[in-house]
Amino acid sequence: MIRLLFKSREAILGAAILVLVAAIASRFPAFVAPSNLANVFNDTAPLIILALGQMVVILTRCIDLSVAANLALTGMAVAMLNTVMPGLPIPFILLVALCLGALMGLVNGLLVWKLDIPPIVVTLGTMTIYRGIIFVISGGEWINAHEMSDTFKAFPRAALFGLPVLSWIAIAVAAGFAVLVGRTPLGRTFFAVGGNPHAAVYTGIDVGRAQCAAYVLSGALAGLTGYLWVARYAVAYVDIAAGFELEVVAACVIGGISIAGGIGSVGGALLGALFLGIVKNALPVIHISPFWQLAISGSAIIIAVAFNATSSRTKGRVILKKAEHAL
Amino acid sequence: MLAKGIEDAPPHRGESSAPVLSLTGISKSFPGVKALSGVALDLYPGEVTALVGENGAGKSTIVKILTGIYQPDDGQIRINGEPVVFPTAQDAGSAGVTAIHQETVLFDDLSVAENIFIGHAPKTRLGLIDRKEMVRKAKALLDRIGAQIDPGVTLRDLGIANKHLVAIARALSIDARIVIMDEPTASLSHKEIEETYELVERLKADGKAILFISHKFDEIFRIADRYTVFRDGEMVGAGKIAEVGERELVKLMVGRSVDQVFPKRTPQLGEEVLKVVGYSHPTEFEDIGFTLRAGEILGFYGLVGAGRSEFMQALFGITKPSKGAIRIDGRVAVTRTPNEAIGHGIVYVPEDRGRQGVIKGLPIFQNVSLPSLKQTSRNGFLRLAEEFTLARDYTQRLDLRAAALDQDIGELSGGNQQKVVIAKWLATKPRVIILDEPTKGIDIGSKAAVHEFMAELAAGGLAVIMVSSEIPEILGMSDRVIVMREGRIAAEYEGADLTPEHLVRAAAGITEVRT
Amino acid sequence: MSLASPDLAGRQLPDRLKTPLQRFLVSWELLLLSVAVAVFVLNSFASPYFLDPWNLSDATFNFTEKAMIAFAMALLIISGEIDLSVASILALSSTAMGFAVQLGADTPVLVLTGLAVGLACGAFNGLLVTGFGLPSIVVTIGTMSLFRGISYIVLGDKAYTGYPSDFAFFGQGYVWWVISFEFVLFALLAAVFAILLHRTNFGRAVYVIGNNPVGALFSGIRVPNVKFALFLLTGLMSGVAAICLTSRLGATRPSIAFGWELEVVTMVVLGGVSILGGSGTIPGVVIAAFVMGMVTFGFGLLNVPGIVMSIFIGLLLIAVIALPRIARRLLARRKV
């Protein structure tokens, strides 16, 4: 019965998104044109990728507030690499971005694993450190479109079967995570560690190592997104994606991923990110100032967490036979 | 002072078969504590070895060493004569050692099949988890132990007894040769306990070597083939259960002869203090009514889950009743919050001491003064001197063993923590004290001290309610006993009617006397 | 009662194993104090301008407003909760004051507006956490967006200015010579919070709840009431900080105090408050405020950009938690 509830949680969110889209479409049919929907999805792709990474971190009872800073630092690093060596092939750039991001994730993970520092403190700290390092390596300068090579900028926008590469990467990451989380021992380990760390130790799982692995995954995805982000917007500077970590956490919370760990799904993270993406893209369409976006996503977080809490509230023990029948 | 029992019962070695697992000279120290010094333990295939010892004797340390959670400082572990080491829990598991703990250490949000196979799930050729195969294998394992559990359901939806079955299925799935059962019947009902015994028999028949840790002597004598006794981190005796008596075992355990003697009391009943009428809760209990007089100890007996603690917590204002009334000294009292209950002189020493009783992280004196802060403070400002005086006074009365009053309560033994919890409530000068399983999980010495003190309290005119699932304790301490079953009062006994047979029958709902 | 009967009476326990002085000598506060002194000495060597009284006075503005919030945050974190929306409460409170100015409000009304909005936001957080039983970290990530979001809705890319001239006193006024009003308020609030946490029943309840919320409930503490009061207090202090900051800047933009929540939490954790709840002191937070303020100021004098200072703050945050753990581990290894 509880399992049904979890399944239905995603269904409810999916329904809410459909209602939202339908409501917008009833007044502004252009919004649901396939090309526009593809646009919305492409726009939301970075959020989807990061939310999936954040999901595994939250599953293990941690949180990664450094994702946006990681994204910005990796983005700046690959952009600088590109200006120095414009001839580097894209696969190599992708590899660098993934590795650099994973390295920053590893730093977070090791601090949590080896030194047992609370995750929120670790990532608050590394968030400011990573952001500061961008300034140090760039000297506070911007890297603009004309300084980047054309192939560097073109990659995320290149169309493949009607969708940009950026969208395809988000789809691939989502598919990969569905397999990782549902069908691999590592994926089940994330749930085990977050659901009952004590029991995980007794079943031979190293809790810290699993948490570290989650951070490396989250970091690698942040690094990947860093390159895609910088290339797509064709600009790199200290403050890109500032505050984006909260939007990522928000997507997870809205997607029903329990901040207490052990509960969540790829579908949830995906829908949570899509919900925020649709709201963001719909505002200009329905002529509401984009300044409303922050308040709306804030309200969405509160409503989502309140909803999740009431639907999973544990009921008292049922001892009386009569009451058992009545329930 | 060593017990004579050691010479009487020299450690036996298996004559019939060689031990599958053999520990020799195992030592383990923690900063400031020597948990184990040179202990030995042998487990034989197809036999149950009971590990007996007081709390703090080193039982849980040896379990953690056997399961790879701790590394021994010294000594050797041999499996079938071959020396082995368990650097991680994984290594212990692959060597065939598995543990079933008192609080099941499983994953509530994973399915039964996933719980059984976490860490060693069957895989497809691609290296992914083969779900179909996993569910099929889980079903087969559950069938093998006679468990009617759907491998697809989430573990959260199962009761404790079924969770134990899943843990056992997991043990079978890794083809464990050595199964450690750490107080497996501690929180089970009578029927579930019987099922557990059957399961142990089945595991024995399968040739598993079983290490059975228990505080219950009746079950040790019922299911164990051998015993090993630990005391203060040392192995003080081992042998065949058939060759030892209960008294001898207790003697080995405590190092002195202890009959479980309860203080002799001649109750002097005073005025009626507490009267409860028709207390009801939508799901937990119904129509509970009784009276309690000053100087009386009223026992509440019942099976685990009969609603006793739930009712007591409602009386104390933790949960809200739907109907019913309380009178204290004849006046109506409303206890919607613990604060109001304390104000009316009703206090509650909870069963879950670690979570509900003590505030770990705070010093002893602050734990004692906590509910009395109104008295020790002035205008909301703390007066530490008053708090120390109060704490000194009450901890002395209870003969608390500690280094100083500013010591963190978390550093004390379970028995001493319980003394602090009782002290903190006595400091509020209550009329009615409710003790919920007051001696659960504390050593025999502290147990006797708590019993003695309860008798003193009653003699001093306090009205005492004691919830207990131990029949000797209920019979030894209570003037009158109320038996609860499925949230209702099933029977009330006093005087000559107060017999073990009556209590067990009433608790289990057996009304007709079989001839 | 016969409780005092001699056969039952046990030994009398000593009150303390260690004197308060011995405790202080191994305390976090002493370590932090040494760091503060070291930073002070290094700064005075590094820059000839550092020891100038007016410069030092200016430096206090780096931490006074944040510290006011940090005092309340310390209590909240000790109780096991957290409020990440403080900077957004500040922004909303400032926006409300700016709005009131447009309606022609005078200074007393502005102050009341600022405090009332802070209280209301705190009450909203407190209600969600205690009334609905939601985790505070998620709730306040939500209200963090919501409160600042409302400021953006009201202000967009505009700013409120035109605060009355006497309103400037709170952020720019001096009480005596180089002693600013803000510094006096900071010192006063430090004393009030130290007494509240360390010398009252309320403060004791905060520690009890942080160490064991269930045990607190079973001991007769009204856990939800205490937590609600702490959220109110945090909201109120964010309102006070809003008055000071708005007065000092003389303008309100929706991005005011952006990112302060992290600096406030850093200050609290640096001050020795356990992020897991249950322990920490106000003197620790006061010293941490000085350390952070002086580091910022010292770097400023050396023309180090603010963002680089943030690297240092981030490292400091991790280091102050990591170092004792590493030290403890090394010590433990040596013993065994």
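This tour moves through two chain interfaces, one salt bridge within a chain and one enclosed cavity.

The model is a predicted one, and the stops below are best followed with each chain in its own colour.

**Stop 1: chain B against chain C**

Select chains B and C together. The contact involves 46 residues of chain B and 35 residues of chain C. Between these two chains about 3900 Å² is buried, with carbon and sulfur atoms giving 58% of that area. Three salt bridges are counted between chain B and chain C. For one of them, display the side chains of B:Arg392 and C:Asp15, which are joined by a salt bridge at 3.0 Å, N to O. Polar contacts across this interface, with both residues at pLDDT 80 or more, amount to 14 residue pairs.

Next, restrict the view to the chain B side. Six helices of chain B each supply at least two residues to the surface that touches chain C: helix 11 (338–343), helix 12 (353–357), helix 13 (364–369), helix 15 (384–397), helix 16 (414–426) and helix 17 (444–459). Of these, helix 15 of chain B gives the most, with seven residues. Colouring this side of chain B by residue class shows 24 nonpolar, 12 polar and 10 charged residues.

**Stop 2: chain C against chain A**

Hide chain B and select chains C and A. Here 39 residues of chain C contact 38 residues of chain A. The two chains bury about 3400 Å² between them, and 87% of this area lies on carbon and sulfur atoms. A search for salt bridges across the interface of chain C and chain A returns zero. Polar contact is found for two residue pairs across this interface, both residues being at pLDDT 80 or more.

Which elements of chain C should be highlighted on the side that touches chain A? Those giving two or more residues are helix 6 (107–131), helix 7 (136–155), helix 13 (260–270) and helix 15 (306–335) of chain C. Helix 7 of chain C provides the largest share of this side, 14 residues. By class, the side of chain C that touches chain A comprises 28 nonpolar, seven polar and four charged residues.

**Stop 3: a salt bridge within chain B**

Over all chains, the whole structure contains 32 salt bridges. To see one inside a single chain, select B:Glu437 and B:Arg308, whose side chains meet at 3.9 Å, N to O. The pair links distant parts of the chain, 129 residues apart. B:Glu437 sits in the loop between strand 17 (432–436) and helix 17 of chain B, whereas B:Arg308 belongs to helix 10 (residues 308–315) of chain B.

**Stop 4: the second largest cavity**

Rolling a probe the size of a water molecule over the atoms reveals where empty space remains. The structure has two cavities of 30 Å³ or more. The second largest cavity holds about 90 Å³ of space.

Bring chain B back and select the lining of the second largest cavity. From chain A, display A:Pro185, A:Arg188 and A:Thr189. From chain B, add B:Glu114, B:Phe117, B:Ile118, B:Gly119, B:His120, B:Ala121, B:Ile129 and B:Met134. The elements that contribute two or more residues to this lining are helix 8 (185–195) of chain A and helix 4 (112–117) of chain B. Helix 8 of chain A supplies the largest share, three residues. Coloured by class, the lining of the second largest cavity has six nonpolar, three polar and two charged residues.

Notes: Residues numbered from 1 in each chain as written. Chains lettered and ligands numbered in written order. Predicted model: local features only at pLDDT ≥ 70, side-chain atom pairs only at ≥ 80, totals over all residues. Heavy atoms only, no water. 1 Å grid on protein atoms, 1.4 Å probe; cavity = no way out; pocket = protein on both sides within 12 Å on 5 of 7 lines; lining within 4 Å. Points joined across faces, edges and corners; volume = space filled by probe spheres on them. Helix = DSSP H or I, 4+ residues; strand = E, 2+ residues; numbered from the N terminus. Nonpolar A, V, L, I, M, F, W, Y, C, P; charged D, E, K, R; others polar. Contact = heavy atoms within 4.5 Å. Buried area = accessible area lost by both parts, 1.4 Å probe. Salt bridge = Lys/Arg side-chain N within 4 Å of Asp/Glu carboxyl O. Polar contact = N/O pair within 3.5 Å; in protein donor to acceptor, adjacent residues only side chain to side chain.
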